[in-house]
Amino acid sequence: MEIYQSSFQISLRDQLLQPDNTTETGFPESCVPCPVTCYPLRLQPGQEIKESLVSFVNKNKLNAAFIMTCVGSVTHASLRMSDSKTIKEYKGNFEIVSLVGTLSAGGHLHASLSDKDGNVFGGHVMGNLIVYTTAEIMVGECSGASFSREHDTRTGFKELLIEKPTQEG
């Protein structure tokens, strides 16, 4: 069960670059099976979601935090489109259809939002994700892993690294 829960953490980089670098489980070495702890949160109207979540993670010293689920609504969103250059600002009342991503190491979130007519749009969360009525969020923490980011020359971005923390003593 632990391997199944952690299998989504395999980085795409490791899958593409090291297809033969697997453990006896069949997963790349970057897969770190670990127990998950859940932190249920409710953000209030006016709070900025990404900033609030990263602050929560830092304050609680969570090394491998991620979004498990989120429902709620926002009045504003700054989203970067898939061309990695275009940033769109959305203002209005929007339902959170999906919020996914990692929170440790600065966070990397994607959101899907819907307008009053049910039209869905989304992208990479740049910030300004301002709560309208509520944001009910389950944050997960992989206690046997540590997330960090390293510049990847192929993508031009800092990409996720998943490591097993070293044992001290």
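## Aromatic pairs

Four aromatic pairs turn up when the whole structure is searched. Bear in mind as you read that this is a predicted model. One of the pairs joins tyrosine 90 and phenylalanine 121, which are stacked, with ring centres 4.1 Å apart and 25° between the planes. This pair links distant parts of the chain: tyrosine 90 sits in strand 3 (residues 87-102) and phenylalanine 121 in strand 5 (residues 120-142), 31 residues apart. Tyrosine 90 and phenylalanine 121 are both buried.

Phenylalanine 121 also pairs with phenylalanine 94, this time edge-to-face, at 5.3 Å centre to centre and 85° between the planes. Here again distant parts of the chain are linked, since phenylalanine 94 belongs to strand 3 and phenylalanine 121 to strand 5, with their positions 27 residues apart. Phenylalanine 94 counts as buried at 8% relative accessibility, and phenylalanine 121 is buried with a relative accessible area of 18%. Put together, Tyr90, Phe94 and Phe121 make up one aromatic cluster.

## The nonpolar cores

Let us move on to the nonpolar residues. The largest nonpolar core has 28 residues, and the members that touch the most others are Ile49, Leu79, Leu99, Leu113 and Ile137. Helix 3, strand 2 (65-80), strand 3, strand 4 (108-114) and strand 5 each contribute at least two residues to this core. Which element gives the most to this core? That is strand 5, with seven residues.

Leucine 113 is a good place to look around. Setting aside residues up to four places away in sequence, leucine 113 touches Val74, Ala77, Leu79, Phe94, Glu95, Ile96, Val97, Asn119, Val120, Phe121 and Leu129. Two of the cluster's aromatic residues, Phe94 and Phe121, are therefore on the contact list of leucine 113. A second core, separate from the largest, holds nine residues, including Val32, Cys34, Ala64 and Ile162.

## Salt bridges

Now for the charged side chains. Side chains of opposite charge can pair when their charged atoms come close. How many salt bridges does a search of the whole structure find? The search finds two.

In one of them, lysine 116 pairs with aspartate 117, with the closest N and O atoms 3.6 Å apart. Lysine 116 counts as exposed, at 76% relative accessibility, and aspartate 117 is exposed too, with a relative accessible area of 56%. In the other, the side chains of aspartate 152 and arginine 154 meet at 2.7 Å, N to O. Aspartate 152 counts as buried at 6% relative accessibility, whereas arginine 154 counts as partly exposed at 48%.

## A buried lysine without a partner

Lysine 50 is worth a visit of its own. This residue is placed in helix 3 (residues 49-59). Lysine 50 is buried yet takes part in no salt bridge. The nearest side chain of opposite charge is that of glutamate 48, 7.8 Å away. Because a salt bridge needs the nitrogen and the carboxyl oxygen within 4 Å, the 7.8 Å to glutamate 48 does not qualify.

What does lysine 50 touch, not counting residues up to four places away in sequence? The contacts are Gly106, Gly107, Leu109 and Val125.

## Cysteines

How many disulfides does the structure hold? It holds zero. Cysteine 142 is in no disulfide, and the nearest cysteine sulfur, that of cysteine 34, is 3.7 Å away. A disulfide needs the two sulfur atoms within 2.5 Å, so this pair is not counted as one.

Is cysteine 142 buried or exposed? Cysteine 142 is buried, with a relative accessible area of 0%. Cysteine 38, by contrast, is partly exposed, with a relative accessible area of 39%. Cys34, the neighbour of cysteine 142 by sulfur distance, is one of the residues in the second core.

## Positive phi angles

Two backbone positions round off the tour. Serine 84 has a phi near 65°, a positive value in a residue other than glycine. Serine 84 lies in the loop between strand 2 and strand 3 and counts as partly exposed at 34% relative accessibility.

Asparagine 128 has a phi near 55°, again a positive value in a residue other than glycine. Asparagine 128 is found in strand 5, and it is partly exposed, with a relative accessible area of 35%.

Notes:
Residues numbered from 1 in each chain as written. Predicted model: local features only at pLDDT ≥ 70, side-chain atom pairs only at ≥ 80, totals over all residues. Heavy atoms only, no water. Buried < 20%, exposed > 50% of the residue type's maximum accessible area, 1.4 Å probe, protein only. Phe/Tyr/Trp six-rings, centres within 6.5 Å; stacked < 30°, edge-to-face > 60°. Helix = DSSP H or I, 4+ residues; strand = E, 2+ residues; numbered from the N terminus. Lys, Arg positive; Asp, Glu negative; His and termini not counted. Contact = heavy atoms within 4.5 Å. Core = buried A, V, L, I, M, F, W, Y, C linked by side-chain atoms within 4.5 Å.
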